[in-house]
Amino acid sequence: MDVAHCNLDGNADAVEFCPHDSYHHVLAASTYTLQEGDRPSRAGSISLFNVDADLGRLDLFRRIETAGIFDIKWNPVGVSVSPLLAQADADGYLRIHGLECCSDEARAGFSLREITDEKISSAMCLCLDWNPSATSITAGLSDGSVSIASIVESQLETQELWKAHGFEVWAASFDTHQPQLVYTGSDDCKFTGWDLRDGPSKLAFQNTKVHTMGVCCIVKTPNDPNTVLTGSYDEYLRVWDVRSISRPVNETSICLGGGVWRIKYHPFVSGLVLTACMHNGFSVVKINGDKAEVIETYSKHESLAYGADWHREKSFREGKRNSTLVATCSFYDRLLRLWMPESVLQDSVL
């Protein structure tokens, strides 16, 4: 069911609901727009919205202009800091913005200010991920490098930078259960793991045979220390068993009909993921052991499906039914949509 929609000021590539308590109604959306010509530039923005799920409202309350953004992520919950939003941008920077409450009376009374930044490289920062304690960020770069930046006294500092792949690194992700491990994926079709305890340039593993096109995204399963998901331009979502970290096993895969650009686990329903599938819209996939099944698709966008996220509230009321709200965005049509999957009911959450 469609709930609300709006157009952004640039090509939309990421949406992220804030996962922190008291901020679940805040939705961030980012853009990347290439201005061609004699002096090409890459411009971007972050837009913050107040989402009222019950009323179906999507109200913009803050927009900041930036360099073109490839990725944004909120810091993980469970750490003793306020919400922080990190961005990876075309100028080669990681930047961190802090979400602050401006008024106790207005629900949308929040502002976003830049706290710190770090020039990682002259290459573009394409993706990022926080470690579980929100003390470090890994970033993948357009020249095939990967970096680790630490937050020291509210300042970002580059700790490691190494050549990890032969082409663009579109996926870099900490292992949430073993944060000394970082997974990376690239246009060179390689799915790679790095053990930071042994030095950043030492491989834990490298799989070169399974993905037939570039690796777009890598996600660790929140409640299962042994499972990792990957998405690829070859249109497959793959489930990996990483119990033997030196040789992960591809347990199962499912073709989603478009490049699997983004994967998001449902915050409450085990084994349920939302995927952005580039030329084939969005899919909700149920994973159970070695089986994966598409249970719903969404095709109301008319451009590349890039951004997707679940609302963190435990229910959205539609008449007498409860379900989970979803935000999605698409690139060239600059469209942001809120919708409610028909297949994901609160009964399955409880």
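Reading two antiparallel sheets

In this predicted model, strand 3 (residues 26-35) and strand 4 (residues 41-52) run antiparallel and are joined by 10 bridges.

User: Which residue in strand 4 is the bridge partner of Ala29?

Analyst: In a regular strand the side chains alternate between the two faces of the sheet. Here the bridge partner of Ala29 is Ser47, which lies in strand 4.

User: What is the order of the strands in the open sheet that holds strands 3 and 4, and which strands stand at its edges?

Analyst: The order is 2-3-4-5, an open sheet of 4 strands with antiparallel pairing. Strand 2 (12-17) and strand 5 (57-67) stand at the edges, and because each has a single partner strand, one side of each is left without a neighbour in the sheet. On average, neighbouring strands of this sheet are turned by 20° against each other, direction ignored.

User: In what order do the strands of the other open sheet run, the one that includes strand 30?

Analyst: That sheet has 4 strands in the order 1-30-29-26, and its pairing is antiparallel. Its edges are strand 1 (2-7) and strand 26 (305-310), each with a single partner strand, so one side of each lacks a neighbour in the sheet. Here the average turn between neighbouring strands is 15°, direction ignored.

User: How many bridges pair strand 1 with strand 30, and how many pair strand 26 with strand 29?

Analyst: Strand 1 pairs with strand 30 (residues 335-339) over 5 bridges in the antiparallel sense, and Asp2 stands opposite Trp339 of strand 30. Strand 26 pairs with strand 29 (residues 326-330) over 5 bridges, also antiparallel, with Ala327 in strand 29 as the bridge partner of Asp309.

User: Why is strand 26 described as largely enclosed by the rest of the structure?

Analyst: Buried means under 20% relative accessible area. In strand 26, 6 of the 6 residues are buried, so the strand is largely enclosed by the rest of the structure.

Definitions and conventions:
Residues numbered from 1 in each chain as written. Predicted model: local features only at pLDDT ≥ 70, side-chain atom pairs only at ≥ 80, totals over all residues. Heavy atoms only, no water. Pairing = 2+ DSSP bridges. Axes fitted to C-alpha atoms, helices over the stretch in contact; angles between N-to-C directions. Buried < 20%, exposed > 50% of the residue type's maximum accessible area, 1.4 Å probe, protein only.
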